[in-house]
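User: I am new to reading protein models. Could you pick one part, take me through it closely, and explain each term as it comes up?

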Amino acid sequence: MDKREASSYSPIRINTVIVTYFEPEFDPWRSHLGASFPFAAAAHPLLFNATLGALAVCTGMGPRRASAVVTALGLDRRFELRGALWLSSGVAGIDPEVGSLGDALWARRVIDGSVGYFVDRAEDSFPSAWARLNFTGLIPLTCSHPFCATGASDAEIGAEGLVFELDNSLTTWAVMLTAQTQLPDSATLASGRMPFGQLYPEAARPPKVHAADTLSSQPVWVGAAAARWARAWVRYWGGPEARLGTTAMEDSAVVLAISLLDRLGVADSRRVLSLRAAANFCLQPPGEPISKLAIAFAATSQAKGLGGRLWQPGRDPVTGAAAANAVAVALQVVHAVARGETPQPLPR
(Lines give C-alpha, C1' and ligand atoms only; values in the text may rest on other atoms or scores of the structure.)
Protein backbone atom coordinates (compact mmCIF):
# COMPACT_ATOMS: atom_id res chain seq x y z
CA MET A 1 0.00 0.00 0.00
CA ASP A 2 1.57 3.32 -1.05
CA LYS A 3 1.17 6.62 0.86
CA ARG A 4 -1.72 7.82 -1.30
CA GLU A 5 -3.65 4.59 -0.77
CA ALA A 6 -2.89 4.59 2.97
CA SER A 7 -4.26 8.11 3.40
CA SER A 8 -7.61 7.17 1.85
CA TYR A 9 -7.88 3.66 3.29
CA SER A 10 -10.55 3.06 5.93
CA PRO A 11 -9.73 0.04 8.15
CA ILE A 12 -12.43 -2.47 9.04
CA ARG A 13 -13.71 -2.08 12.58
CA ILE A 14 -13.48 -5.38 14.47
CA ASN A 15 -15.64 -6.20 17.49
CA THR A 16 -14.06 -9.53 18.46
CA VAL A 17 -10.75 -11.20 17.55
CA ILE A 18 -10.91 -14.98 18.09
CA VAL A 19 -7.45 -16.45 18.62
CA THR A 20 -7.05 -20.19 18.02
CA TYR A 21 -3.88 -22.23 17.83
CA PHE A 22 -4.31 -25.22 15.53
CA GLU A 23 -6.79 -26.69 13.09
CA PRO A 24 -9.10 -28.58 15.49
CA GLU A 25 -9.80 -25.26 17.24
CA PHE A 26 -9.94 -23.14 14.08
CA ASP A 27 -11.93 -25.29 11.64
CA PRO A 28 -15.29 -25.22 13.53
CA TRP A 29 -15.34 -21.42 13.12
CA ARG A 30 -15.55 -21.73 9.33
CA SER A 31 -19.31 -22.33 9.45
CA HIS A 32 -19.81 -19.13 11.48
CA LEU A 33 -17.30 -16.80 9.82
CA GLY A 34 -17.68 -17.37 6.10
CA ALA A 35 -15.47 -14.69 4.54
CA SER A 36 -11.68 -14.65 4.63
CA PHE A 37 -8.68 -12.36 4.30
CA PRO A 38 -5.20 -13.43 3.21
CA PHE A 39 -2.74 -13.30 6.09
CA ALA A 40 0.87 -14.10 5.35
CA ALA A 41 1.91 -14.32 9.00
CA ALA A 42 -0.08 -17.51 9.58
CA ALA A 43 -0.66 -20.79 7.77
CA HIS A 44 -4.36 -20.05 7.17
CA PRO A 45 -6.29 -17.00 5.95
CA LEU A 46 -8.19 -15.01 8.55
CA LEU A 47 -11.89 -15.81 8.88
CA PHE A 48 -14.38 -12.93 9.03
CA ASN A 49 -18.06 -12.23 9.62
CA ALA A 50 -19.05 -8.68 8.75
CA THR A 51 -22.40 -8.81 10.59
CA LEU A 52 -20.74 -9.85 13.84
CA GLY A 53 -17.58 -7.85 13.27
CA ALA A 54 -15.69 -11.02 14.20
CA LEU A 55 -12.24 -12.00 12.96
CA ALA A 56 -10.57 -15.37 13.67
CA VAL A 57 -6.91 -16.31 13.38
CA CYS A 58 -5.07 -19.62 13.70
CA THR A 59 -1.62 -18.77 15.02
CA GLY A 60 -0.02 -22.20 15.03
CA MET A 61 1.00 -23.96 18.21
CA GLY A 62 3.38 -22.77 20.90
CA PRO A 63 3.92 -19.44 22.65
CA ARG A 64 6.56 -18.07 20.27
CA ARG A 65 4.44 -18.56 17.18
CA ALA A 66 1.27 -17.37 18.92
CA SER A 67 2.83 -14.12 20.19
CA ALA A 68 4.44 -13.35 16.83
CA VAL A 69 1.23 -13.91 14.87
CA VAL A 70 -0.93 -11.92 17.31
CA THR A 71 1.55 -9.06 17.11
CA ALA A 72 1.46 -9.17 13.31
CA LEU A 73 -2.34 -9.10 13.36
CA GLY A 74 -2.40 -6.23 15.84
CA LEU A 75 -0.22 -4.17 13.50
CA ASP A 76 -2.21 -5.05 10.37
CA ARG A 77 -3.54 -1.71 9.08
CA ARG A 78 -6.49 -3.35 7.34
CA PHE A 79 -8.24 -3.65 10.72
CA GLU A 80 -9.27 -1.27 13.49
CA LEU A 81 -8.65 -3.24 16.67
CA ARG A 82 -8.44 -0.58 19.38
CA GLY A 83 -11.93 -1.35 20.68
CA ALA A 84 -11.91 -5.08 19.94
CA LEU A 85 -12.32 -7.82 22.48
CA TRP A 86 -9.59 -10.46 22.15
CA LEU A 87 -10.94 -13.95 22.81
CA SER A 88 -8.42 -16.77 23.17
CA SER A 89 -10.34 -19.98 22.47
CA GLY A 90 -8.89 -23.47 22.39
CA VAL A 91 -8.56 -26.88 23.99
CA ALA A 92 -6.42 -27.79 26.97
CA GLY A 93 -5.60 -30.30 29.65
CA ILE A 94 -7.62 -30.06 32.86
CA ASP A 95 -6.90 -30.82 36.49
CA PRO A 96 -9.34 -33.59 37.57
CA GLU A 97 -9.56 -31.91 40.98
CA VAL A 98 -11.36 -29.04 39.24
CA GLY A 99 -13.18 -30.35 36.18
CA SER A 100 -14.11 -32.98 33.66
CA LEU A 101 -13.54 -33.79 30.00
CA GLY A 102 -15.40 -31.37 27.72
CA ASP A 103 -15.62 -28.66 30.39
CA ALA A 104 -15.28 -25.07 29.14
CA LEU A 105 -13.34 -22.90 31.59
CA TRP A 106 -13.00 -19.14 31.58
CA ALA A 107 -9.66 -18.02 33.03
CA ARG A 108 -9.56 -15.40 35.76
CA ARG A 109 -5.76 -15.45 35.70
CA VAL A 110 -3.25 -16.48 33.07
CA ILE A 111 -0.03 -17.70 34.67
CA ASP A 112 3.24 -18.47 32.89
CA GLY A 113 4.75 -21.82 33.82
CA SER A 114 7.95 -21.71 31.81
CA VAL A 115 10.07 -18.98 33.40
CA GLY A 116 12.40 -20.34 36.07
CA TYR A 117 15.58 -22.32 36.43
CA PHE A 118 15.84 -26.08 36.31
CA VAL A 119 17.60 -28.26 38.88
CA ASP A 120 18.06 -31.93 38.03
CA ARG A 121 15.90 -33.99 40.37
CA ALA A 122 18.20 -36.95 39.84
CA GLU A 123 20.91 -35.20 41.83
CA ASP A 124 21.21 -36.57 45.36
CA SER A 125 22.49 -33.33 46.83
CA PHE A 126 19.30 -31.26 47.09
CA PRO A 127 17.71 -31.02 50.57
CA SER A 128 15.18 -33.69 51.45
CA ALA A 129 12.76 -30.95 52.55
CA TRP A 130 12.38 -29.93 48.90
CA ALA A 131 10.40 -33.09 48.24
CA ARG A 132 7.63 -31.72 50.47
CA LEU A 133 7.52 -28.53 48.38
CA ASN A 134 6.29 -30.20 45.17
CA PHE A 135 9.78 -29.98 43.72
CA THR A 136 9.86 -31.16 40.11
CA GLY A 137 13.01 -29.35 39.03
CA LEU A 138 11.66 -25.89 38.09
CA ILE A 139 12.31 -23.11 40.61
CA PRO A 140 11.17 -19.46 40.36
CA LEU A 141 13.99 -17.24 39.18
CA THR A 142 14.21 -15.22 42.39
CA CYS A 143 14.02 -18.21 44.77
CA SER A 144 16.84 -20.30 46.20
CA HIS A 145 14.47 -23.24 46.78
CA PRO A 146 11.29 -24.52 45.09
CA PHE A 147 8.88 -21.89 46.45
CA CYS A 148 9.87 -18.86 48.51
CA ALA A 149 8.01 -18.70 51.81
CA THR A 150 6.77 -15.16 51.23
CA GLY A 151 5.31 -15.85 47.80
CA ALA A 152 5.85 -13.80 44.67
CA SER A 153 6.09 -10.04 45.17
CA ASP A 154 4.16 -7.54 43.06
CA ALA A 155 7.46 -6.18 41.74
CA GLU A 156 8.62 -9.64 40.75
CA ILE A 157 5.35 -10.45 39.02
CA GLY A 158 5.27 -7.13 37.17
CA ALA A 159 8.90 -7.31 36.07
CA GLU A 160 8.62 -10.80 34.65
CA GLY A 161 5.10 -10.61 33.24
CA LEU A 162 4.31 -14.00 34.74
CA VAL A 163 0.78 -13.35 35.97
CA PHE A 164 -2.00 -11.66 34.04
CA GLU A 165 -5.11 -10.84 36.05
CA LEU A 166 -7.80 -10.61 33.39
CA ASP A 167 -10.48 -7.95 33.82
CA ASN A 168 -12.72 -9.42 36.52
CA SER A 169 -15.91 -7.68 35.41
CA LEU A 170 -15.44 -8.91 31.85
CA THR A 171 -14.64 -12.49 32.90
CA THR A 172 -17.53 -12.60 35.36
CA TRP A 173 -19.86 -11.30 32.63
CA ALA A 174 -18.69 -14.05 30.26
CA VAL A 175 -19.18 -16.72 32.94
CA MET A 176 -22.69 -15.51 33.75
CA LEU A 177 -23.61 -15.26 30.08
CA THR A 178 -22.57 -18.84 29.31
CA ALA A 179 -22.87 -20.75 32.60
CA GLN A 180 -26.19 -22.38 31.68
CA THR A 181 -24.93 -23.71 28.36
CA GLN A 182 -25.88 -27.36 27.98
CA LEU A 183 -22.65 -28.92 26.76
CA PRO A 184 -23.22 -32.31 25.08
CA ASP A 185 -22.08 -35.49 26.78
CA SER A 186 -21.13 -38.71 25.00
CA ALA A 187 -20.06 -42.28 25.60
CA THR A 188 -16.53 -41.30 24.59
CA LEU A 189 -16.33 -38.56 27.23
CA ALA A 190 -17.91 -40.83 29.85
CA SER A 191 -15.38 -43.56 29.09
CA GLY A 192 -12.49 -41.10 29.35
CA ARG A 193 -13.55 -39.75 32.74
CA MET A 194 -14.60 -43.07 34.29
CA PRO A 195 -11.14 -44.05 35.71
CA PHE A 196 -10.93 -40.71 37.56
CA GLY A 197 -14.41 -40.70 39.10
CA GLN A 198 -13.81 -42.39 42.46
CA LEU A 199 -10.82 -40.26 43.42
CA TYR A 200 -11.90 -36.99 41.77
CA PRO A 201 -15.64 -36.20 42.08
CA GLU A 202 -15.46 -33.19 39.73
CA ALA A 203 -13.98 -35.40 37.01
CA ALA A 204 -16.88 -37.85 37.20
CA ARG A 205 -19.63 -35.53 35.98
CA PRO A 206 -20.71 -34.44 32.48
CA PRO A 207 -19.16 -31.25 31.05
CA LYS A 208 -20.18 -27.77 32.16
CA VAL A 209 -19.04 -24.13 31.95
CA HIS A 210 -17.18 -22.60 34.89
CA ALA A 211 -14.06 -20.61 35.76
CA ALA A 212 -10.59 -21.18 37.23
CA ASP A 213 -7.03 -20.21 36.26
CA THR A 214 -4.97 -21.36 33.30
CA LEU A 215 -1.28 -22.25 33.31
CA SER A 216 0.72 -21.65 30.13
CA SER A 217 4.01 -23.42 29.47
CA GLN A 218 6.15 -24.20 26.46
CA PRO A 219 6.49 -27.92 27.28
CA VAL A 220 3.38 -30.07 27.20
CA TRP A 221 3.47 -31.96 30.50
CA VAL A 222 1.51 -34.80 32.06
CA GLY A 223 1.73 -36.73 35.31
CA ALA A 224 0.65 -36.67 38.95
CA ALA A 225 3.93 -35.20 40.22
CA ALA A 226 3.85 -32.49 37.56
CA ALA A 227 0.23 -31.71 38.48
CA ARG A 228 1.24 -31.19 42.12
CA TRP A 229 3.93 -28.78 40.96
CA ALA A 230 1.46 -26.96 38.67
CA ARG A 231 -1.07 -26.45 41.48
CA ALA A 232 1.66 -25.07 43.75
CA TRP A 233 3.08 -22.87 40.95
CA VAL A 234 -0.34 -21.34 40.26
CA ARG A 235 -0.88 -20.61 43.97
CA TYR A 236 2.65 -19.19 44.32
CA TRP A 237 2.28 -16.72 41.44
CA GLY A 238 -1.47 -16.12 41.63
CA GLY A 239 -1.97 -15.93 45.38
CA PRO A 240 -4.04 -18.02 47.79
CA GLU A 241 -7.24 -17.63 45.77
CA ALA A 242 -5.66 -18.89 42.56
CA ARG A 243 -6.51 -22.42 41.47
CA LEU A 244 -5.21 -24.47 38.58
CA GLY A 245 -7.98 -25.26 36.11
CA THR A 246 -6.52 -25.80 32.65
CA THR A 247 -3.05 -26.19 31.25
CA ALA A 248 -2.09 -25.12 27.74
CA MET A 249 0.79 -23.46 25.90
CA GLU A 250 -0.04 -20.09 24.43
CA ASP A 251 -2.26 -17.88 26.60
CA SER A 252 0.42 -16.03 28.56
CA ALA A 253 2.32 -15.22 25.35
CA VAL A 254 -0.87 -13.97 23.68
CA VAL A 255 -1.86 -11.77 26.62
CA LEU A 256 1.68 -10.37 26.78
CA ALA A 257 1.58 -9.57 23.04
CA ILE A 258 -1.76 -7.78 23.46
CA SER A 259 -0.32 -5.82 26.40
CA LEU A 260 2.53 -4.62 24.20
CA LEU A 261 0.10 -3.76 21.40
CA ASP A 262 -1.80 -1.71 23.99
CA ARG A 263 1.36 0.32 24.63
CA LEU A 264 1.50 1.03 20.90
CA GLY A 265 -2.10 2.25 20.98
CA VAL A 266 -3.55 -0.42 18.68
CA ALA A 267 -5.24 -2.76 21.22
CA ASP A 268 -6.88 -2.62 24.64
CA SER A 269 -5.34 -5.14 27.05
CA ARG A 270 -8.31 -4.76 29.40
CA ARG A 271 -10.54 -6.41 26.80
CA VAL A 272 -9.12 -9.95 26.86
CA LEU A 273 -10.86 -13.25 27.62
CA SER A 274 -9.33 -16.71 27.78
CA LEU A 275 -11.48 -19.81 27.24
CA ARG A 276 -10.17 -23.38 27.22
CA ALA A 277 -12.19 -26.60 26.84
CA ALA A 278 -10.82 -29.82 28.32
CA ALA A 279 -9.56 -32.39 25.82
CA ASN A 280 -7.60 -34.50 28.35
CA PHE A 281 -6.69 -34.75 32.00
CA CYS A 282 -3.28 -33.47 33.01
CA LEU A 283 -2.35 -36.63 34.88
CA GLN A 284 -2.66 -40.36 34.43
CA PRO A 285 -5.63 -42.38 35.72
CA PRO A 286 -5.13 -43.66 39.27
CA GLY A 287 -3.02 -46.79 39.29
CA GLU A 288 -1.74 -46.48 35.73
CA PRO A 289 1.97 -45.96 34.93
CA ILE A 290 2.96 -42.66 33.37
CA SER A 291 4.60 -44.50 30.46
CA LYS A 292 1.20 -45.74 29.29
CA LEU A 293 -0.15 -42.20 29.28
CA ALA A 294 2.91 -40.92 27.39
CA ILE A 295 2.32 -43.47 24.63
CA ALA A 296 -1.36 -42.51 24.39
CA PHE A 297 -0.46 -38.82 24.46
CA ALA A 298 1.91 -39.22 21.52
CA ALA A 299 -0.74 -41.06 19.49
CA THR A 300 -3.29 -38.35 20.27
CA SER A 301 -0.81 -35.64 19.26
CA GLN A 302 -0.35 -37.34 15.90
CA ALA A 303 -4.12 -37.45 15.41
CA LYS A 304 -4.28 -33.72 16.22
CA GLY A 305 -2.00 -32.99 13.29
CA LEU A 306 1.26 -32.37 15.13
CA GLY A 307 4.62 -33.33 13.69
CA GLY A 308 3.60 -32.38 10.14
CA ARG A 309 0.62 -34.74 10.01
CA LEU A 310 -2.90 -33.76 8.98
CA TRP A 311 -5.56 -33.59 11.66
CA GLN A 312 -7.71 -36.72 11.71
CA PRO A 313 -10.87 -35.96 13.71
CA GLY A 314 -12.04 -39.58 13.78
CA ARG A 315 -8.88 -40.63 15.60
CA ASP A 316 -9.27 -38.01 18.33
CA PRO A 317 -12.98 -37.58 19.11
CA VAL A 318 -12.35 -36.04 22.56
CA THR A 319 -10.39 -33.14 21.08
CA GLY A 320 -13.14 -32.68 18.51
CA ALA A 321 -15.79 -32.61 21.24
CA ALA A 322 -13.79 -30.16 23.35
CA ALA A 323 -13.18 -27.86 20.39
CA ALA A 324 -16.89 -27.87 19.54
CA ASN A 325 -17.72 -26.96 23.15
CA ALA A 326 -15.25 -24.08 23.09
CA VAL A 327 -16.87 -22.69 19.95
CA ALA A 328 -20.40 -23.12 21.34
CA VAL A 329 -19.49 -21.13 24.44
CA ALA A 330 -17.31 -18.52 22.73
CA LEU A 331 -19.90 -17.87 20.04
CA GLN A 332 -22.34 -16.58 22.67
CA VAL A 333 -19.79 -13.96 23.65
CA VAL A 334 -19.15 -13.03 20.00
CA HIS A 335 -22.86 -12.41 19.45
CA ALA A 336 -23.20 -10.45 22.70
CA VAL A 337 -20.24 -8.24 21.78
CA ALA A 338 -21.83 -7.55 18.40
CA ARG A 339 -24.98 -6.43 20.25
CA GLY A 340 -22.91 -4.08 22.40
CA GLU A 341 -23.58 -5.92 25.66
CA THR A 342 -20.08 -6.17 27.14
CA PRO A 343 -19.31 -4.30 30.36
CA GLN A 344 -17.03 -1.31 30.22
CA PRO A 345 -13.44 -2.13 31.27
CA LEU A 346 -12.13 -0.80 34.55
CA PRO A 347 -10.28 2.53 34.38
CA ARG A 348 -6.53 2.27 33.89
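Analyst: Let's begin at a single pairing: Ile-94 faces Thr-246, which belongs to strand 13. Before we go on, this is a predicted model, in which local features need pLDDT of at least 70, side-chain atom pairs count only at pLDDT 80 or more, and totals for chains, interfaces and linings use all residues. Residues are numbered from 1 along each chain as its sequence is written, and side-chain values use heavy atoms, with hydrogens and water left out.

The part to look at closely is strand 7, residues 85–94. Strands here are DSSP runs of E with at least two residues, helices are runs of H or I with at least four, and both are numbered from the N terminus. Of the 10 residues in strand 7, 10 are buried, so the strand is largely enclosed by the rest of the structure. Buried means under 20% relative accessible area, exposed means over 50%, and partly exposed lies in between, using a 1.4 Å probe and protein chains only.

Now for the neighbours of this strand. Two strands count as paired if DSSP finds at least two bridges between them. With strand 13 (residues 244–248), strand 7 pairs in the antiparallel sense through two bridges. With strand 14 (residues 272–281), strand 7 pairs in the parallel sense, and here there are nine bridges. In that pairing, Ser-89 has Leu-275 of strand 14 as its bridge partner. Strand 2 (residues 16–20) also runs parallel to strand 7, joined by four bridges. There, Ile-18 is partnered by Leu-87 of strand 7.

Next, follow a side chain that reaches strand 7 from a helix. Asp-251 sits in helix 8, which covers residues 251–263. With a relative accessible area of 1%, Asp-251 is buried. Its side chain makes a polar contact of 2.9 Å with the side chain of Ser-88, and another of 2.7 Å with that of Ser-274. A polar contact is a pair of N or O atoms within 3.5 Å; within protein, one must be able to donate a hydrogen and the other to accept it, and residues adjacent in sequence count only if both atoms are side-chain atoms. Leaving aside residues up to four places away in sequence, Asp-251 touches Tyr-21, Ser-88, Val-110, Thr-214, Ser-216, Ser-274 and Arg-276. Contact here means heavy atoms within 4.5 Å.

What about charges? Side chains of opposite charge can pair when their charged atoms come close. A salt bridge is a side-chain nitrogen of Lys or Arg within 4 Å of a carboxyl oxygen of Asp or Glu. Asp-251 forms one with Arg-276, and their closest N and O atoms are 2.8 Å apart. Asp-251 lies in helix 8 and Arg-276 in strand 14, so this pair ties together parts that are 25 residues apart in sequence. Both Asp-251 and Arg-276 are buried. These two also belong to a network of salt bridges that links Glu-25, Glu-250, Asp-251 and Arg-276.

Just past strand 7 there is another charged pair to find. The side chains of Arg-205 and Asp-103 meet in a salt bridge with an N to O distance of 2.7 Å. Asp-103 is in the loop between strand 7 and strand 8 (104–112), while Arg-205 is in the loop between helix 6 (187–193) and strand 12 (209–216), and the two are 102 residues apart. Arg-205 and Asp-103 are both buried. In the whole structure, a search finds 16 salt bridges.

Finally, let's step back. The protein has 10 helices and 14 strands, and buried residues make up 52% of its 348 residues. Among contacts between residues at least 6 apart in sequence, 77% join residues at least 24 apart. As for the predictor's confidence in each residue, called pLDDT and running from 0 to 100, the mean is 87, and 83% of residues reach 70 or more. Residues 1–7 stay under 50 in pLDDT, and for this stretch the model has four contacts beyond four places in sequence.
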